[in-house]
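Work through these exercises with the model open beside you. Try each task before you read its solution.

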Amino acid sequence: GKRIKLLFHTSWTEGAGWPLERIRNELGLEKEDVLATYFCPKCKNWAIMPFLGEPLECPFCKEQKSFITAGVTSTITEVELSKIYGICDAMCHVMTSGGLEYAMVEGLLCGLPLATVNYSCGETFAQQPFVQEIDFSLTREVGTAFYKAVPNPNSIAKYFKKISDIINTGKYKEISRNGRNWALNSFHVDTIGKKFENFFDNAKIVD
């Protein structure tokens, strides 16, 4: 079969995140097949490479302990981010719940086929014919008792197998084109801005 590489564009050491390095090692996966996005807040350069720990010395500006994996404090510009998405062939966005997970919009705008769960904010995306739905079960979060989605790993594997089979076909291009066009129309500033304008224009005057 084809050798698929996974890119986790996320913080690998965030306190509340998944222990990705430990999971990779437990599964016996090669470091070269599970990649991370590193960036340097000082010189603004980034690289995609196997996870080698963090913080590292930046290979670009040589700043000590400055090369870290991408997280919520990343300063990677949208132009550079589009290049990172462009390296990929497809996107899988797994989540337990959320508001608008903007990464899904970004991936679609870059022409990536998308798979996600049909739950919470994922419903808007998974119900589109060009988005692959990931099977999931529901559990309750400890403490809050909120319902949370638990994505099925087998369903994710089937998605990547499907993408691998159609990667050089017209079907892949059709999915890519339809997803990008939908994202452009649905999340354009004119579309979203109009909703806010209508809300404010029709709101009752209050004292």
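Two strands pair if DSSP finds at least two bridges between them. Keep in mind that this is a predicted model.

**Exercise 1. Partners of a strand**

Task: Find which strands pair with S2, and in which sense they run.

Solution.
Step 1. Start with strand S4, residues 68-69. It is joined to S2 by 2 bridges, and the two run antiparallel. That meets the cut-off of at least two bridges. Within S4, Thr69 is the bridge partner of Tyr38.
Step 2. Take strand S3, residues 46-50. S2 and S3 pair over 5 bridges in the antiparallel sense. Here Phe39 has Trp46 as its bridge partner.
Step 3. Look at the hairpin of S2 and S3. It has 6 residues between the strands, and Lys44 takes a positive phi near 75°.
Step 4. Turn to strand S1, residues 6-8. S1 and S2 run parallel, joined by 3 bridges. Leu7 of the pairing stands opposite Leu35 in S2.
Step 5. Add helix H1, residues 20-26. Together S1, H1 and S2 make a right-handed β-α-β unit.

**Exercise 2. Two faces of S2**

Task: Decide whether the faces of S2 are covered or not, and list the residues on each side.

Solution.
Step 1. Recall the general pattern. In a regular strand, side chains alternate between the two faces of the sheet.
Step 2. Sort the residues. Val34, Ala36 and Tyr38 lie on one side, while Leu35, Thr37 and Phe39 lie on the other.
Step 3. Check burial, which means under 20% relative accessible area. In S2 (residues 34-39), 6 of 6 residues are buried. Both faces are therefore covered.

**Exercise 3. Cysteines without a bond**

Task: Find how many disulfides the structure has, and test Cys43 and Cys61.

Solution.
Step 1. Set the cut-off: a disulfide needs two cysteine sulfur atoms within 2.5 Å.
Step 2. Search the whole structure. The result is 0 disulfides.
Step 3. Test Cys43. Its nearest cysteine sulfur belongs to Cys58, 3.7 Å away, and Cys43 is in no disulfide.
Step 4. Test Cys61. It is in no disulfide either; the nearest cysteine sulfur is that of Cys58, 3.7 Å away.
Step 5. Note exposure. Cys61 has a relative accessible area of 27%, so it is partly exposed.

**Exercise 4. What H3 packs against**

Task: Name the buried residues of helix H3 and the elements they pack against.

Solution.
Step 1. H3 spans residues 102-109. Met104, Val105, Glu106, Gly107 and Leu108 are buried there.
Step 2. The buried residues of H3 pack against helices H2, H4 and H6 and strands S5 and S6.
Step 3. Look just past the helix. Gly111 follows H3 and has a positive phi near 80°.

**Exercise 5. Rings**

Task: Classify the ring pairs made by Trp182.

Solution.
Step 1. Set the scene: the structure holds 13 aromatic pairs.
Step 2. Take Phe130 and Trp182. Their ring centres are 5.8 Å apart and their planes lie at 55°, so this pair is tilted.
Step 3. Place the two. Phe130 is in the loop between H4 and strand S7, Trp182 is in helix H6, and they are 52 residues apart.
Step 4. Take Trp182 and Phe187. The centres are 5.6 Å apart and the planes are at 85°, so this pair is edge-to-face.
Step 5. Compare with accessibility. Trp182, at 16%, counts as buried. Phe187, at 25%, counts as partly exposed.

Terms used: Residues numbered from 1 in each chain as written. Predicted model: local features only at pLDDT ≥ 70, side-chain atom pairs only at ≥ 80, totals over all residues. Heavy atoms only, no water. Buried < 20%, exposed > 50% of the residue type's maximum accessible area, 1.4 Å probe, protein only. Helix = DSSP H or I, 4+ residues; strand = E, 2+ residues; numbered from the N terminus. Contact = heavy atoms within 4.5 Å. Right-handed = clockwise from strand over helix to strand, strands pointing away. Phe/Tyr/Trp six-rings, centres within 6.5 Å; stacked < 30°, edge-to-face > 60°.
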